[in-house]
Structures are given as C-alpha cells and as structure tokens.
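I opened the model to look up a few residues and strands. My notes follow in the order I took them.

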Amino acid sequence: MKPILLQGHERSITQIKYNREGDLLFSVAKDTVANVWYSVNGERLGTYNGHTGAVWCVDCDWDTKSVLTGSADNSCRLWDCETGKQLALLNTNSAVRTCGFDFSGNIIMFSTDKQMGYQCYLNFFDLRDPQQIEDNQPYLSVPCSDHKITSAVWGPLGEFVNAGHENGEINQFSAKTGEIIKKIKEHNKQINDIQTSVDLTMFITASKDNTAKLFDSTSLDHIKTFKTERPVNSAAISPIMDHVVMGGGQEAMEVTTTSTRIGKFEARFFHAAYEEEFGRVKGHFGPINCVAFHPDGKSYSSGGEDGYVRIHYFDPQYFDFELEA
C-alpha cells in the first residue's frame, strides 16, 4: 500500500512517537517545531510552538493529556496536548537530548548534553509538586561525568531509567536515589536510540557499531543481536509479532556523495527470534533517523534526514512465517 507522506518539517526529523492508543503521531525535527498528526490519514492536528532551537526528543503521557519536548535551546517544555498551551518551562545549562514520562505520567525525566563546560545530567521532576517546576529544581539530578546520555527510557513500574551512552554503555539509574543499579557494555560505539516493547519487559538499542540489540529491561541480559553493514539510527519492536524494524544509513555528512541505491536508506525488518532479515522498505531520500511501530502493529512510521515522516501500512500476517532455524 502507498505510504502516507507527512510534510510538516523543514529540516531532518529527530524523533517520532505514537500515543498509547495510536491515533496520534508526534514528530519533532531540527526546525524548532513539534507537530502532532492523525495517524490514520496523516492530517496535521496542530503544532507546539515555542522552542527556538532544534527539538531532539518528544514523549506523550499514558492518557494523552500532556506532551514533553526537549530542545537544543537549553529547555524542556511541557505542553497541553489538546490546546497546544505551554504548561511548564524547565531551563537547563545545555541541550536536552532525551526525555520521557514514567508509566503514571506523574514523573518526568530528561538528560542534558555535555557541552559548553557543563556536564551531562539526568534530571527527575515530580509534576505533582508545582514548587519543583516553579523553582526549576528537580527532586533528583544525577551527574554523568564520563560519557553523555544519548538515549534513555523508563523501565517497568517507573522504578528506574535505562540509559544508553555515547561510548556504548547502558546504565540503569534508580529513579529514587539516582545510583547506578546495573551497568553493561555490549556496544562498542554510540547508542543512537532505545525503544521498549509494548509490555516494557524488553528494550532494543540501535548503535553506530552497525548493530541493534535486544535486552531484558530489568536484568539487562543481552538476548539477541541484529547485524547490518551500516550504522543503525533507530530500532523498534513490533507489539504483535516477533519482528523488529530498523532504520539507518551512513552519516548525514556523507549523504551527498552517495546515490540513494547505494546509501541503504531502507527500513529493514528482522525476525526477533532468528535474527534474520526478511524484508526491506524503500522510500526516504536520506538516512532514516527514527522508526516507530503503531501500537496495533499494523503500520509503522519512519522519519528521515529528508524531513519527511512516512506512515507505512502493511498486513502483518504476510510476515507471519517461520524462518528455518
């Protein structure tokens, strides 16, 4: 089926995120705006205006009431999803790289970049305490002096955050004390993206070392590895099938010297159990920066360096075959 093309950004897409029901799709890019779309037909519902720098991350809470964005303008902002009104502005010393609501929607976390003489921090705010927002004081701020956090997700029950770092490490930070509960290093280059499974029991990492890896959310046990010949920018786990989708390509600065055919700009499907690739979907004119499965598993979206978001519908049962072990 022909994909739905969403044209609402002027620069490359940095992250896309579905809400829990899957009727809305949020997209952010390097052009200062955050957009929200109807996922069924690609109609733009609205825009969250206020940032003055590239927007790196977006998240939506469980009941789609609030939206969280983090930007290179040294701020993390909370928005009313329905009206687009800005509810809170949290200023930081450096760019906000990754952000997220916990399962309850009461606690937010975001990480800041290591730049301009400031080190990387992982900050936790409790939205039930207006004083924290007013004073811009998180109840917990964890310094990460060695290597900055490049992607982070909440674990089950909101007890900890699993964070990927620029050196390939994954650290599990307690949301109560800030201490590192567990630490592993399965990648040898930067982790570009982390996404959880629908039940939060697993997460998948995408790395510059040309692999995506599947881990247990709580124990951080390494389960599977999916290998490609190019850096992986993003990976997502299907909510209904044993499939993962990955997007990538080479570095953005090398794109102009490569034709689209050689550039490997396809979304790639792998079997989650057998680690074998079984499908590719073309479309983008540059590297894919982010991918996300619809919560019903019957479509997925991808955002590219070309500034487009594409929604691809497919029938998952066509992919329901057992590869020979």
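**Entry 1: Asp 126**

Is Asp 126 buried or exposed? I am working from a predicted model. Asp 126 has a relative accessible area of 15%. The cut-off for buried is under 20%, so Asp 126 is buried.

I placed Asp 126 in strand S12, residues 120-126. I then looked up its contacts beyond four places in sequence. They are Asn 106, Ile 107, Gln 132 and Tyr 139. I also checked its side chain. A polar atom there lies 2.9 Å from the backbone nitrogen of Arg 128.

**Entry 2: nonpolar cores**

Next I looked at nonpolar packing. Nonpolar side chains tend to be buried together in soluble globular proteins. The largest nonpolar core here has 15 residues. Met 109, Leu 122, Phe 124, Ile 149, Trp 154, Val 161 and Phe 173 touch the most other members. I asked which strands supply at least two residues each. They include S11 (107-112), S12, S13 (140-144), S14 (149-154) and S15 (160-165).

I noted a second core apart from this one. It has 13 residues, among them Leu 68, Leu 78, Ile 108 and Phe 125.

I followed Trp 154 further. Leaving out residues up to four places away in sequence, its contacts include Gly 100, Phe 101, Asp 102, Met 109, Phe 124, Val 161 and Thr 196.

**Entry 3: Lys 17**

I found Lys 17 in strand S2, residues 13-18. Its relative accessibility is 24%, and it counts as partly exposed. What does its side chain meet? It makes a polar contact with the side chain of Asp 59, at 3.1 Å. Beyond four places in sequence, Lys 17 touches Leu 24, Leu 25, Phe 26, Val 58 and Asp 59.

I also took a distance to Val 161. The two residues are 144 apart in sequence. Their C-alpha atoms are 18 Å apart in space.

**Entry 4: strand S24**

How many of the five residues of S24 (267-271) are buried? I count five of five. In a regular strand the side chains alternate between the two faces of the sheet. I checked the directions in S24. Ala 267, Phe 269 and His 271 point one way. Arg 268 and Phe 270 point the other way.

I then looked up the partners of S24. S23 (243-248) joins S24 through four bridges, and the two run antiparallel. Val 245 stands opposite Phe 269 there. S25 (277-281) also pairs with S24 in the antiparallel sense, over four bridges. Ala 267 stands opposite Val 281 in S25. S24 and S25 form a hairpin with five residues between them. Glu 275, in the turn, has a positive phi of about 60°.

**Entry 5: sheet S18 to S21**

I traced an open sheet of four strands, ordered S18-S19-S20-S21, with antiparallel pairing. Why is one side of S18 and of S21 left without a neighbour in the sheet? S18 (191-196) and S21 (222-227) stand at the edges, and each has a single partner strand. The twist averages 20° from one strand to the next. S20 (211-216) and S21 share five bridges. Lys 213 has Thr 225 in S21 as its bridge partner.

**Entry 6: annotated repeats**

Last, I checked the record. The unreviewed UniProt entry annotates "repeat: WD" over residues 6-47, 48-89, 184-225 and 281-311. Residues 6-47 are 0% helix and 52% strand, with end C-alpha atoms 13 Å apart. Residues 184-225 are 0% helix and 57% strand, with end C-alpha atoms 15 Å apart.

Notes: Residues numbered from 1 in each chain as written. Predicted model: local features only at pLDDT ≥ 70, side-chain atom pairs only at ≥ 80, totals over all residues. Heavy atoms only, no water. UniProt positions renumbered as here; feature names shortened; annotations may be inferred. Pairing = 2+ DSSP bridges. Axes fitted to C-alpha atoms, helices over the stretch in contact; angles between N-to-C directions. Buried < 20%, exposed > 50% of the residue type's maximum accessible area, 1.4 Å probe, protein only. Polar contact = N/O pair within 3.5 Å; in protein donor to acceptor, adjacent residues only side chain to side chain. Contact = heavy atoms within 4.5 Å. Core = buried A, V, L, I, M, F, W, Y, C linked by side-chain atoms within 4.5 Å.
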